[in-house]
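Colleague: I'm new to this one. Could you walk me through it?

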Amino acid sequence: MRIPSPAEIQALHEKHAPTAEAFTLVHTHCEIVWGVAEQLLSVPHLAHLDAELVRAGCLLHDIGVYRLYGDDGRLDHGNYIRHGLLGHEILKAEGFPETLRRFCSHHTGVGLTRQDITSQGLPLPPADYVAVTEEERLVMYADKFHTKSRPSAFLSPDEYAAHVRRFGEDKVIAFQALRAEFGEPDLTGPVPGFGTEEDTTAAAVRVPRPA
């Protein structure tokens, strides 16, 4: 399987982004998630993972967000839960293999199950959208540490655990399992993996250390 380069993925973002503002918001977030994942990959016990595949997964995972922008430039927050499947559809139409498409449809929260969808009445086809491979789990996990909400900010592991608790204690347990598997990133300084001064500035968001 050929893995697309960062430049090819950026061109794909530019193709599908409805506005320059949407591109900056989504693509920068994807780069930040890759920066977090790249840092986590530096530990010896994760050296066997396919770093190029993880990078592509991080850079592609939120591309479906672009389809949620209306003609007025507003994001449809009510259907945001669908952005993963929308990204899967975009990549399928672009000819990407299922291995890459799954990074879009299987990264939401700490995994969406058929039971989650039916019990919460979510606007998704009932199925299990759960990360399975180590690369999928790492992309899903790295995504939990940065929010695109304004202002853009990092979330500490404890902050995310508190956030996901509202969806059930089983989600907290799932997140803690990811935390044990991949470790905790250092979010107190610039995230590595950025090439330009503008990117470095965007990435240098700081989060208070947990008390």
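Modeller: We'll go through the main pocket, then the nonpolar cores. The model is predicted, with residues numbered from 1 along each chain as its sequence is written. Local features need pLDDT of at least 70, side-chain atom pairs count only at pLDDT 80 or more, totals for chains, interfaces and linings use all residues, and side-chain values use heavy atoms, without hydrogens and water.

Colleague: Which element gives the largest share of the lining of the largest pocket?

Modeller: A pocket is an open set of points on a 1 Å grid over the protein atoms alone where a 1.4 Å probe fits, with protein on both sides within 12 Å along at least five of seven lines; lining residues have an atom within 4 Å of a point. Here 36 residues line the largest pocket, and Tyr80, His83, Thr147, Lys148 and His163 lie nearest its centre. With 4 residues, the largest share comes from helix (DSSP H or I run, at least four residues) H2.

Colleague: And which residues have the most contacts inside the largest nonpolar core?

Modeller: Such a core joins buried (under 20% relative accessible area, 1.4 Å probe, protein chains only) Ala, Val, Leu, Ile, Met, Phe, Trp, Tyr and Cys through side-chain atoms within 4.5 Å. This one has 49 residues, and H2 gives the most, 11. Top for contacts (heavy atoms within 4.5 Å) are Val54 and Leu138.

Colleague: What does Leu138 touch, leaving out residues up to four places away in sequence?

Modeller: H7 (134-143) is among the helices that give two or more residues to the largest core. Leaving out those sequence neighbours, Leu138 touches Ala37, Leu40, Leu41, Leu49, Val54 and Phe182.

Definitions and conventions
Buried < 20%, exposed > 50% of the residue type's maximum accessible area, 1.4 Å probe, protein only.
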